[in-house]
Amino acid sequence: MSPFTTWDIVRNLLFAAQWTVILSLVAFIGGGVVGLLMLFARTSKRVAARRLAILYIELFQGTPLLMQLFLFFFGLSLIGFNVPPWLAAGLALTLWTAAFLAEIWRGCVEAIPRGQWEASSSLAMSYFEQMRYVVLPQALRIAVPPTVGFSVQVVKATALTSIIGFVELSKASTMITNATFQPFVVYGFAALMYFALCWPLSKSSQLLERKLNVAHRNH
Amino acid sequence: MSLIAITEVRKRFGDNEVLKGINLDVAAGEVIAIIGKSGSGKSTLLRCINGLETIDEGTILVAGAQLAPDELHLRALRLKVGMIFQSFNLFPHLTAGRNVMLSPMVVKKVPAKEAQAEAQARLEQVGLGHKFDAYPDELSGGQQQRVAIARALAMKPLALLCDEITSALDPELVNEVLQVVGKLAAEGMTLLMVTHEMRFAREVCDRVVFMHQGRVHEIGPPEEVFGAPKTLELQQFLGIA
Ligand SMILES: Nc1ncnc2c1ncn2[C@@H]1O[C@H](COP(=O)(O)OP(=O)(O)OP(=O)(O)O)[C@@H](O)[C@H]1O
Ligand SMILES: [Mg+2]
């Protein structure tokens, strides 16, 4: 008989799940900010800005998140910065999220008819003014469902940070399993917790999408 | 001195030279109709005048503001000349009033109160004072186009470019827009319009420009252009050759 009760397991997992939530929020908010900057660069008229954004996006979309985590964690310590796992995890996830959000949002910006750009241009608005007052408010509406949908990917991606020793839900599961020898119970509960985080997100993404389709003319 | 001075303007899309040396001077208060076959470069010419297209050669000057590809020059140019499009292009997420208020507030930093009063006045000018709070999709095509005119006017341009602004409208809605344009012309606004409304062009315009294959093929007062076309191409275009 193991000295650990089921409640012990659940309690410890819940504690670790907090870090999954915090890391997800950091990645999502940080990634949103960086993603918005990348979006501006990616859709700008300046060739250099566009190239830079494309390079960034392709780099982060074209390599496994795992490699990015390793590079941030081990790479930075190689060149003399000893980064703690939480920092490496936060940084890598933020930049990874930003690359995907920038691409998702670019699609939404490009879905705005050219006439909107031309009309606002002819009214003497600058690129930033056009984005801020004309294009983004319209793009935002179509961007909400895929953005919320992508947040599910972010939550699941935090599991990878266990590799570099950040103690979130997945890492905690492994540690608790090692102590309790009850992998099925532990990972079962962990999976339930991931599901409890992700399901409401993907469900609301679906609902939002349907709502926006029905209410075509909502203001 | 002319308000709009277009000198030897050439424009290419790849190998396709669309404007082949355009010269045109427009005096302040002048109303000009541009006619011509599809593909003759009418839209391209208008789009060049407010910098929606770049030009390859020549110069365009509007009240001292020169067309150049950088933001500063473009902004200066666009503050002098407004444009109205065939497809209205109202901002669908804003009410009619907000559509009119937006650019004065954002570009000219006009305070909201003032911008609102100005928007109300401009909407009244186009006969839509009561539609301030209506969204574009609650308006008919003719009403939307009139809001677009009000929106352009709110920037107090010296000249307006109109590219077939009644072509997307149901026939019964054409007149309400033409009336607004006619009134603007009578009040002394400088207008450069591409149009297929020959009767309107004949009644309202000071000069008519016939474009053919990227050139100003014939130009003159409407009586001459419509009444005594000199070139075969114009005669064919008017269907009298
Ligand atoms: N963005 C573009 N890229 C490539 N070619 C273009 C572009 N815009 C216009 N053209 C070409 O330039 C030529 C002139 O087009 P333009 O739209 O100025 O003609 P138009 O006189 O306005 O015709 P319409 O009466 O049909 O409106 C056409 O051959 C057209 O295919
Ligand atoms: Mg045209």
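This briefing covers chain A, its contact with chain B, and the site of ligand 1 on chain B.

The model is predicted. Chain A has eight helices and zero strands. The area buried between chain B and chain A is about 2100 Å². Twelve residues of chain B, listed below by name, bear on one topic of their own: the surroundings of ligand 1.

**Chain A**

- The elements of chain A run α-α-α-α-α-α-α-α from the N terminus on.
- The C-alpha trace of chain A spans about 75 × 50 × 20 Å along its principal axes.

**Interface of chain B and chain A: extent**

- Chain B gives 26 residues to the contact, and chain A gives 22 residues.
- Carbon and sulfur atoms give 58% of the buried area of about 2100 Å².

**Interface of chain B and chain A: polar and charged pairs**

- Seven residue pairs are in polar contact across the interface, with both residues at pLDDT 80 or more.
- On the side of chain B that touches chain A, the elements giving two or more residues are α2 (71–78), β6 (81–84), α3 (96–107) and α5 (141–153) of chain B.
- The largest share of that side comes from α3(B), with four residues.
- By class, the side of chain B that touches chain A holds 14 nonpolar, eight charged and four polar residues.
- Three salt bridges are counted between chain B and chain A.
- In one salt bridge, the side chain of B:Arg47 meets that of A:Glu118 at 2.8 Å, N to O.
- Over all chains, the count of salt bridges comes to 17.
- The pair of B:Arg47 and A:Glu118 joins two chains, because B:Arg47 lies in helix α1 of chain B and A:Glu118 in helix α5 (residues 114–122) of chain A.

**Ligand 1: the shell**

- The residues around ligand 1 are B:Phe13, B:Asn16, B:Val18, B:Lys37, B:Ser38, B:Gly39, B:Ser40, B:Gly41, B:Lys42, B:Ser43, B:Thr44 and B:Glu164.
- Two elements of chain B, β2 (16–26) and α1 (42–49), each supply at least two residues of this shell.
- Helix α1(B) gives the largest share of the shell, three residues.
- The shell divides into seven polar, three charged and two nonpolar residues.
- Helix α1 of chain B also holds B:Arg47, the residue paired with A:Glu118.

**Ligand 1: polar atoms and cover**

- The side chain of B:Lys42 places an N or O atom 2.7 Å from an oxygen atom of ligand 1.
- B:Ser43 has a polar side-chain atom 2.7 Å from an oxygen atom of ligand 1.
- For B:Ser40, a backbone N or O atom lies 3.2 Å from an oxygen atom of ligand 1.
- On its own, ligand 1 has 640 Å² of accessible area, and the protein covers 59% of that area.

Methods: Residues numbered from 1 in each chain as written. Chains lettered and ligands numbered in written order. Predicted model: local features only at pLDDT ≥ 70, side-chain atom pairs only at ≥ 80, totals over all residues. Heavy atoms only, no water. Contact = heavy atoms within 4.5 Å. Buried area = accessible area lost by both parts, 1.4 Å probe. Salt bridge = Lys/Arg side-chain N within 4 Å of Asp/Glu carboxyl O. Polar contact = N/O pair within 3.5 Å; in protein donor to acceptor, adjacent residues only side chain to side chain. Nonpolar A, V, L, I, M, F, W, Y, C, P; charged D, E, K, R; others polar. Near = heavy atom within 4 Å. Areas by Shrake-Rupley, 256 points an atom, 1.4 Å probe, with all protein chains shown as cover.
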